[in-house]
Amino acid sequence: MDHSQPITTLQEIYLLYDEYLSSLAPGAIACRKTCADCCTPNVTMTRLEGLLIRKSVDREQLTARLPDISSTPFPRYRPALSTNGYVLTCKSGGDGDPESFADEQSQEGDPSVCPFLENNLCTIYPVRPFGCRCMLSTRPCAQTGCADIDELTLTVSTVFLQLIEHIDKGGFFGNMTDVLYALSCDPTNAFGAHTVIANHPIPALMVPPEHRGRIQDIVFSLNRLLAGQPPAP
Ligand code: SF4
Ligand code: SF4
């Protein structure tokens, strides 16, 4: 199947998010080059994001970076629900926990780092998944031990996550390592190996009432992008 158009759409979505970030007040985000405490093995992404990485990164480099999960324990977060899966569960009256773990290997990773980090720099930075892009903090995480993100940016990031999953209908979602493995081994057996979970279309946007007015321009631009139209001037 040709994924070039959805991959182009994904890259346009990334650009739109960059525009949102550059519209924030100077100093609103503390994240800096080589600040990498957040680069853990727990990043999640969609199949399409994995396809973009595979398309852009030298195959040998990619293989060399991936841990051998078949023979070596590699503690990592493996989500039980995708973002839209969580919304769907809530709409159905369930109490889905997006942080719930899918199986016994799903412990928060040990303090080890993302396999793509080298000298505190991301080796796949231009094509890093959205889960990395929206990992932001208003103050250096080293100060408090955790990220601190403002509520509006959290809402905007969630809408982007929902859309990125939506455009990969029929695809899958999971830990970054699992998704890359599923793509490199046998994508048709990805679900059989229980390493990834199915994507869902957007059931409803997760936007609290107090943010609806403030993000309507972003939702408008995202809708235009989905319809194949250029962003609003
Ligand atoms: S999220 Fe935290 S650790 Fe990651 S770049 Fe930003 S400030 Fe640094
Ligand atoms: S892919 Fe890059 S930005 Fe994301 S966690 Fe790994 S090293 Fe950090």
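This section describes a small set of strand pairings and the surroundings of ligand 2 in a predicted model.

The strands β1, β4 and β5 form an open sheet of three strands, in the order β1-β4-β5 and with antiparallel pairing. Strands β1 and β5 occupy the edges, each with a single partner strand, so one side of each lacks a neighbour in the sheet. Strands of a sheet pair through backbone hydrogen bonds, in either a parallel or an antiparallel arrangement.

On one side of β4, three bridges connect β1 (residues 44-46) with β4 (residues 172-175) in the antiparallel sense. Within this pairing, Thr44 has Asn175 of β4 as its bridge partner. Strand β4 is also joined to β5 (residues 197-198), here by two bridges, and these strands again run antiparallel. In this second pairing, Phe172 is placed opposite Ala198 of β5, while Phe173 has Ile197 as its bridge partner in β5.

Ligand 2 is surrounded by Cys39, Val43, Cys114, Phe116, Leu117, Cys122, Ile124, Arg128 and Cys132. Of the residues in this shell, eight are nonpolar and one is charged, and none is polar. Under the classification applied, Arg counts as charged and Cys as nonpolar, so the charged member of the shell is Arg128, and the cysteines Cys39, Cys114, Cys122 and Cys132 belong to the nonpolar group.

Conventions: Residues numbered from 1 in each chain as written. Chains lettered and ligands numbered in written order. Predicted model: local features only at pLDDT ≥ 70, side-chain atom pairs only at ≥ 80, totals over all residues. Pairing = 2+ DSSP bridges. Helix = DSSP H or I, 4+ residues; strand = E, 2+ residues; numbered from the N terminus. Near = placed C-beta within 6 Å.
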